[in-house]
Amino acid sequence: MPCTVVVGAQWGDEGKGKIVDALSARADVVARYQGGPNAGHSVIRDGRTIVLHLVPSGVMEPARRCLIGNGVVIDLLTFRKEVEGLEALGLDVRSRLGVSPAAHLILPYHRAVEAESERGPGAIGTTGRGIGYAYRDKAARTGIRFSDLEDRAGFVAAADRNLARLRREFPDVGSLGPMSGESLWNELCDAAKWALPMAADVGAELHRALRDGRRVLLEGAQGTMLDLDHGTYPYVTSSPASAAGAPLGVGLGPRAVDRVVGVTKAYATRVGNGPFPSEMPDDEAARLREAGEEYGATTGRPRRCGWLDLPALRYAARVNGLDELVVTKLDVLDQFAEIKVLTAYRDGGRTFAEFPSGVAALARCVPEWKSFPGWNASTAAVRHWNDLPARAREYLEWIERESGVPIGTVSVGAERDAEIRRAG
């Protein structure tokens with residue numbers, strides 16, 4: 001700090017929620033910079049698992065100011081349900097939470113057309129929550145923003161225009177028929193009155209915080225390999241999930257960021273469709289999935305499981321300018337007799353160690369592997385680097401050396417204190 005970005009270095013689901021929760025103890029302000037309620041950040045407190053979708057993970061730390069930036073898309077009813085659920089647990093949320101007026105809204109017609117687009121062979125494998133189509137409207141300059149909830153007539157007119165266009169584009173989506181700008185306003189007006197008092201100039205507030213020497217933590221959703229520009233397009237999310245999206249998504253200049261922390265699992269997972277070169281065979285993946293509880297926090301979908309992909313990690317380090325790695329879920333590998341890492345790809349007669357630039361090339365790739373002997377010992381209770389099994393340290397030191405990024409922290413469990421600081 002003073003301005004740290006936490007970013008996923010894989011396909012999302014790396015355990016960023018736990019890391020942001022831990023780092024929040026040393027932050028003054030925590031801001032979410034992109035994504036929508038398709039994200040699920042799990043935080044464990046007092047033995048209870050709390051899944052956050054839109055609210056920044058820093059909300060679990062008392063007195064922390066939490067902000068939702070312009071780069072986020074908001075489903076208003078889902079947002080209200082999440083906040084009220086947190087308040088039912090005894091957390092003070094609304095008095096600490098600010099929402100950018102420039103954040104775009106996810107509306108029922110976005111969900112309806114996304115469900116239609118996910119049918120058939122062209123499906124991306126989205127969560128079906130309308131995120132992609134909300135971002136599409138944003139890019140097309142037809143989106144409806146949080147600030148538009150203050151203008152009933154303007155909201156109704158904009159929604160009617162969007163509905164007319166979508167009915168022409170998606171004539172088979174019958175659920176669009178009964179929708180109107182008026183009906184959508186009526187559905188959302190109570191939640192709008194509830195939410196509008198949280199409107200805040202997020203960029204100005206963060207700028208003042210940094211000017212005054214306060215510590216800012218910027219939190220993203222998904223991961224680098226799902227970034228709209230730099231991920232495995234088209235099997236990506238619809239926003240800039242990499243570190244460059246952080247200042248953009250909260251209204252800061254790029255020079256405001258002085259530290260980027262990348263979070264990677266000790267292996268790899270992804271959800272949805274698309275190439276995944278380090279994917280394990282089904283029986284091996286099932287074993288790791290159960291050991292690591294690899295099911296989506298938002299959807300419950302089983303995650304595809306694979307070994308660590310070193311070229312992909314190097315790529316994430318370069319794209320994000322990583323200063324530090326956090327390696328999560330090392331303990332999941334405790335009972336594996338052999339641990340593999342994808343070190344290079346073969347495509348025809350060519351072998352290369354760089355991450356391919358296109359999804360077609362990635363789909364053709366055949367992995368080359370390096371094997372490590374497992375440590376066959378529990379790491380769950382370890383809290384100091386030198387107490388790790390020697391083979392576990394060798395594995396981590398190899399990742400550090402080959403990725404070119406120092407490892408600062410290793411997570412060995414879901415609980416907040418189940419981590420090893422490298423200095424220890």
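Here is a friendly exchange about aromatic rings and helix packing in this predicted model.

Colleague: Let's start with the rings. How many aromatic pairs does a search of the whole structure find?

Modeller: Ring centres have to lie within 6.5 Å for a pair to count. With the whole structure searched, the number of aromatic pairs is 11.

Colleague: Take phenylalanine 79 and tryptophan 194. Is the pair stacked, tilted or edge-to-face?

Modeller: The ring centres of phenylalanine 79 and tryptophan 194 are 5.7 Å apart, and the planes stand at 70 degrees. Planes over 60 degrees apart fall in one class. The pair is therefore edge-to-face.

Colleague: How many residues apart in sequence are the parts that this pair ties together?

Modeller: Phenylalanine 79 belongs to helix 2, residues 76-88. Tryptophan 194 sits in helix 6, residues 181-195. The pair thus ties together parts whose separation in sequence is 115 residues.

Colleague: Is tryptophan 194 buried or exposed?

Modeller: Its partner phenylalanine 79 has a relative accessible area of 0% and is buried. For tryptophan 194 the relative accessibility is 9%, and the cut-off to apply is under 20%. So tryptophan 194 counts as buried.

Colleague: Now phenylalanine 372 and tyrosine 395. Which elements does that pair tie together?

Modeller: These two rings are also an aromatic pair, edge-to-face because their planes are at 75 degrees, with centres 5.2 Å apart. Phenylalanine 372 is buried at 11% relative accessible area, and tyrosine 395 is buried at 0%. The parts tied together are 23 residues apart in sequence: strand 17 (residues 366-373) and helix 12 (residues 390-403).

Colleague: Nice. Which ring does the charged end of arginine 287 sit over?

Modeller: A charge over a ring also appears elsewhere, with arginine 422 over the face of tryptophan 385 at 3.9 Å from the ring centre. For arginine 287, the distance to the ring centre is 4.1 Å. The ring in question is that of phenylalanine 336.

Colleague: On to the helices. Is helix 5 parallel, perpendicular or oblique to helix 6?

Modeller: Helix 5 (residues 152-169) packs against helix 6 with the axes 8 Å apart and an angle of about 125 degrees. Angles of 65 to 115 degrees would be roughly perpendicular, and those over 145 roughly antiparallel. The angle here fits neither range, so helix 5 is oblique to helix 6.

Colleague: And which residues of helix 6 make the contact?

Modeller: Helix 5 passes helix 6 in a right-handed crossing. Helix 5 contributes Arg152, Phe155, Val156, Ala159, Asp160 and Leu163. From helix 6 come Gly181, Glu182, Leu184, Trp185 and Leu188.

Key. Residues numbered from 1 in each chain as written. Predicted model: local features only at pLDDT ≥ 70, side-chain atom pairs only at ≥ 80, totals over all residues. Heavy atoms only, no water. Phe/Tyr/Trp six-rings, centres within 6.5 Å; stacked < 30°, edge-to-face > 60°. Helix = DSSP H or I, 4+ residues; strand = E, 2+ residues; numbered from the N terminus. Buried < 20%, exposed > 50% of the residue type's maximum accessible area, 1.4 Å probe, protein only. Lys NZ or Arg CZ within 6 Å of the ring centre and 35° of its normal. Axes fitted to C-alpha atoms, helices over the stretch in contact; angles between N-to-C directions. Parallel < 35°, antiparallel > 145°, perpendicular 65-115°, else oblique. Left-handed = near helix turned anticlockwise from the far one by under 90°. Contact = heavy atoms within 4.5 Å.
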